[in-house]
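Got your viewer ready? Here is a short walk through the model, with a selection to make at each stop.

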Amino acid sequence: MQRTEKENDSERSILLDRSLNEKNYQELKNKNSFNPLWGSSRIAGIYFIVGCLWILLTDRAVSAFSINREWVTRINMIKGWFFVLITALLVFSLILRTLKRIKKVEDRLELSYRELLVAHETLESVYEEVTATEEELRQQYDMLIENQRKLTASEERMHHLAYHDLLTDLPNKLALYENAANDVLTDALSNAAIMFVDIDNFKYINDTMGHEFGDRLIVQTSERLCAIVGTDGAIYRFGGDELIILLHPLQDRVHIDTVADRILAGFKRGFEIDNTLLHISISIGISIYPEHGTDIMELVKRADIAMYKAKEAGKDNFVVFDQHLNDSFAERMYIEKQLYLAVERDEFELYYQPQVDLALNKVTGLEALLRWNSPELGYVSPLKFIKVAEDSHLIIPLGAWVLRKACAFLQQLHEQGFEHLTMSVNISMLQLLQTDFNELVLNTLQSSGLKPHYLELEITESIFVESYGHVSTKLNELRAHNIKIALDDFGTGYSSLSYLTHLPISTLKIDKSFIDSIPAGTNQATLVEQIIMIGKRMNMTVIAEGVERKDQLDFLQEQGCDKIQGYFFSKPKAGKDIEQLLADWELTGITT
């Protein structure tokens, strides 16, 4: 492991401090050096010189000033004592000076020792800090190496996540755009196809079975799609239940049809999720490069338009884009825009079509039908705007509005003396899926004052197929409040008789497509006979829709059909016109 810059600086600082201390010590030693022999010799020499000078000079002075021996002796004695005193003071002074020098050196040495001791302790502390820092740096270095390893092991994982879907691990939308733009849609001489795959009725499944169930369905759908497509194309998860298949290289148009047919056939087999066997279908929209565009976003958009057309055509189908579809899609988007405005501007109106009881020869019920006369679009067919309302979820507030208006209108008719009339209201799957739908129905009845047994809710067979368990619970709750349930367009869907035996259905409505094929002797007429027989044996009221001719009416009367609804008696009419029609029929009766 290489030494850090901090460690090198610390070592240089220690060496510098050591060098400075040694230099100061040498200077102090040279400046204050003390030699014992030289000091002793110096004191002895001074003492010798002073003693000699004293003897020589004092003896001469005594001899010069006095000749008396007694005085000389006395003076010499005094002189001797004075000499002792003077020399004692001199020796004291010399020794004191020497000892002071020694003391000063000793103090300086002690100070230097203490400084050296502090410096040593400081150096030890610095060394310990350097050692700790070195260990910390070593740990940080090891951690850095480990983090680098983890990072290296994961910006591949991050790169994978950026270009792949988290749920299915399929390449995502970003991967599609980059791959197509860089690798596929670069040669106008080669062909490719975008297949936009969408699970039919997925939002119903997701809402009724739960989002976790829906996620598992998406995973299994993607796995099956990969197994079916194989090496023919690359599969991407575009979002939600939408998957994209990029066919490249594309051989010819037959190649598209072959792959699409294989996919549709592969989804005939059900999925088992949480011990539930679920059958689904898919719709596929297809655009072709470079015929339908050279930009990947443009191709995806046009494949999406074709997919919507496949759903409108009955689902479980595939459609290849053409310009007509683009115009149709533009029209649909414009209708959706105007539909939002229509809700705000209250541009809708309810029409009512009479239901005639053949045994009583009188009108006993009305079916409420939504109509839209737009200032921008003019009269818009329900076949166009109802589907758009469902796709945009506007059907939820619209449906609630229809229910309120219809119940209020029927209560108004009851107050005018038509107490025997019932009201039929069509209910969409999205309305039934709302958690507060039953509460909405009961509150509407209460606010209008209408008794529950005068209200009949019409639903289609497809609702049961898409969400049998969830719907049946709600319908049983409504039926417990005496609200009638009608099965609309019976025979056009899956026609499972189990629905008739397990659901609280009070009315069976025969679709107009069967009535159009009457008179008797046709296969359709035979089927109508059987439907009427089934309904009557199960104590249901049977209503035939779309009756327009006398021979149809006669046939239905012969078979014992309970009620008739159609242009033969009356087209749907506005509320004020219905009031007049009812008043006239009460007076004149119905001629059959």
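Start by selecting P249, which sits in the loop between β3 and α8 (253–266). This is a predicted model, and here the peptide bond from H248 to P249 is cis, with omega near 0°. Next, pick P290 in the loop between β6 and α9. Another cis peptide bond is found there, joining Y289 and P290, with omega about 0°. As background, most peptide bonds are trans, and most residues other than glycine have a negative phi.

That brings us to backbone angles. Select D274, in the loop between β4 (271–273) and β5 (276–278): its phi is positive, near 55°. D274 is partly exposed, at 48% relative accessibility. Then move to N361, in the loop between β8 (348–357) and β9 (362–374). N361 also has a positive phi near 55°, and its relative accessible area of 31% makes it partly exposed.

Now highlight helix α5, residues 173–184. Which of its residues are buried? They are A175, L176, Y177, A180 and V184. Show the surroundings too: the cover over these residues includes α4 (157–163), β1 (192–199), β2 (233–239) and α9 (296–312), among others. At the N-terminal end of α5, N172 acts as a cap, with a side-chain oxygen 3.2 Å from the backbone nitrogen of L174.

For the last stop, turn on the surface and select F48, I49, L53, L56 and L57, a nonpolar patch with about 510 Å² of accessible area together. Within it, L56 belongs to helix α2 (residues 36–65) and is partly exposed, at 43% relative accessible area.

Finally, zoom out to the protein chain, with its 20 helices and 17 strands. Of its 592 residues, 41% count as buried.

Terms used:
Residues numbered from 1 in each chain as written. Predicted model: local features only at pLDDT ≥ 70, side-chain atom pairs only at ≥ 80, totals over all residues. Heavy atoms only, no water. Patch = residues over 30% accessible without salt bridge, like charges linked within 9 Å, V, L, I, M, F, W, Y side chains within 5 Å. Areas by Shrake-Rupley, 256 points an atom, 1.4 Å probe, with all protein chains shown as cover. Salt bridge = Lys/Arg side-chain N within 4 Å of Asp/Glu carboxyl O. Helix = DSSP H or I, 4+ residues; strand = E, 2+ residues; numbered from the N terminus. Buried < 20%, exposed > 50% of the residue type's maximum accessible area, 1.4 Å probe, protein only. Contact = heavy atoms within 4.5 Å. Polar contact = N/O pair within 3.5 Å; in protein donor to acceptor, adjacent residues only side chain to side chain.
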